[in-house]
Amino acid sequence: MKHARLNREKWISAGITALRSDGPPALRAEPLARRMGTTKGSFYWHFTDVPAFHAALLDHWKSEAFADVVALLEGEGSPADRLQDFGTQVLDDTTAPAIRSWARENKDAADALAQVDAERLTYMATLLTQLGLKNPDFARAAYGALIGMPMLPKSERHDSANAYTALIDLVLALR
């Protein structure tokens with residue numbers, strides 16, 4: 001039986017999947033190799049060590065998160081529509097909660113998360129300013145709600161998008 005050839009991207013993808021399902025302990029060479037049905041040697045062929053793999057995984061996530069913000073910046077629609085799209089995009093990022101968990105014990109993950117959060121918060125504040133709401137506390141509160149919703153018990157987060165919409169509608173009514 002011939003196996004598909006592994007590359008850095010497949011290892012990173014497997015790492016993201018493992019982080020989401022099993023948390024940071026799964027981001028080691030041996031558990032990842034077992035998960036992928038290969039040897040640790042394949043891991044070390046693509047990464048000099050586990051910290052190099054972690055750095056590549058975090059760079060990949062940051063790149064995707066920043067690309068999402070850039071796509072929204074270049075998108076069409078009113079600032080209110082783009083604010084709703086932004087919320088949907090943040091809620092759809094199933095990797096961010098796993099990165100948040102990892103960031104509690106890993107400085108590199110915390111640094112990557114801080115960079116993405118700063119970029120997203122700046123984008124949200126810009127949209128709210130375009131809508132006439134210049135108080136940065138509105139952006140921080142709305143973004144805090146967005147990042148907190150995935151942390152709710154599963155039974156309570158079933159309709160996070162509608163909860164975010166209700167919050168934004170309330171904030172916009174304050175203009």
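**Exercise 1. Describe the segment that UniProt annotates at residues 5-65.**

Solution. The unreviewed UniProt entry places the feature "domain: HTH tetR-type" at residues 5-65. UniProt positions are given here in the numbering used for this chain, feature names are shortened, and annotations may be inferred rather than shown by experiment. Residues are numbered from 1 along each chain as its sequence is written. The model is predicted, so local features need pLDDT of at least 70 and side-chain atom pairs count only at pLDDT 80 or more, while totals for chains, interfaces and linings use all residues; side-chain values use heavy atoms, with hydrogens and water left out.

Next, look at the secondary structure. Over residues 5-65 the chain is 75% helix and 0% strand. Helices (H or I, at least four residues) and strands (E, at least two) are DSSP runs, numbered from the N terminus. The end C-alpha atoms of this segment are 27 Å apart.

**Exercise 2. Find the surroundings of A109. Is A109 buried or exposed?**

Solution. Step 1: locate the residue. A109 lies in helix α7, residues 107-130.

Step 2: classify A109. Its relative accessibility is 0%, so A109 counts as buried. The cut-offs are under 20% relative accessible area for buried, over 50% for exposed, and in between for partly exposed (1.4 Å probe, protein chains only).

Step 3: list the contacts, meaning heavy atoms within 4.5 Å. Leaving aside neighbours within four places in sequence, A109 touches L58, I99, W102 and A103. A109 and H54 are 55 residues apart along the chain, and their C-alpha atoms are separated by 8.4 Å.

Step 4: look at N106, which is placed in the loop between α6 (96-103) and α7. The side chain of N106 reaches the backbone nitrogen of A109 at 2.8 Å. This fits the definition of a polar contact: a pair of N or O atoms within 3.5 Å, where, within protein, one must be able to donate a hydrogen and the other to accept it, and residues adjacent in sequence count only if both atoms are side-chain atoms. N106 counts as buried because its relative accessibility is 17%.

**Exercise 3. How many salt bridges does the whole structure hold, and where do E30 and R34 sit relative to each other?**

Solution. Step 1: state the rule. A salt bridge is a side-chain nitrogen of Lys or Arg within 4 Å of a carboxyl oxygen of Asp or Glu. Side chains of opposite charge can pair when their charged atoms come close.

Step 2: give the total. A search of the whole structure finds 7 salt bridges.

Step 3: take E30 and R34. Their side chains meet at 3.1 Å, N to O. The two residues are 4 apart in helix α2 (residues 29-36), so about one helical turn separates them. E30 is partly exposed at 43%, and R34 is exposed at 56%.

Step 4: apply the steps to D111 and K107. Their salt bridge has an N to O distance of 2.7 Å. D111 and K107 lie 4 residues apart in helix α7, about one helical turn. D111 is partly exposed at 33% relative accessibility, and K107 is exposed at 59%.

Step 5: apply them to R140 and D137, whose side chains meet at 2.1 Å, N to O. Here the spacing is 3 residues in helix α8 (residues 136-148), again about one helical turn.

**Exercise 4. Which residues form one aromatic cluster with F43?**

Solution. Step 1: count the pairs. The structure holds 7 aromatic pairs. One of these, F43 with Y44, is edge-to-face, at 5.0 Å centre to centre and 85 degrees between the planes. Rings of Phe, Tyr and Trp (its six-membered ring) pair if their centres lie within 6.5 Å; planes under 30 degrees apart count as stacked, over 60 as edge-to-face and the rest as tilted.

Step 2: compare accessibility. F43 is buried at 0%, whereas Y44 is partly exposed at 40%.

Step 3: take F47 and F53. Their ring centres are 5.0 Å apart and their planes stand at 80 degrees, so this pair is edge-to-face. F47 is buried at 2%, and F53 is buried at 0%.

Step 4: assemble the cluster. It consists of W11, F43, Y44, F47 and F53.

**Exercise 5. Which helix gives the most to the largest nonpolar core?**

Solution. Step 1: define the core as a set of buried Ala, Val, Leu, Ile, Met, Phe, Trp, Tyr and Cys residues joined through side-chain atoms within 4.5 Å.

Step 2: describe the largest core. It has 29 residues, and those with the most contacts inside it are F43, F53, L57, I99 and W102. Helices α1 (8-22), α2, α4 (50-73), α6 and α7 each supply at least two residues. The answer is α4, with 7 residues.
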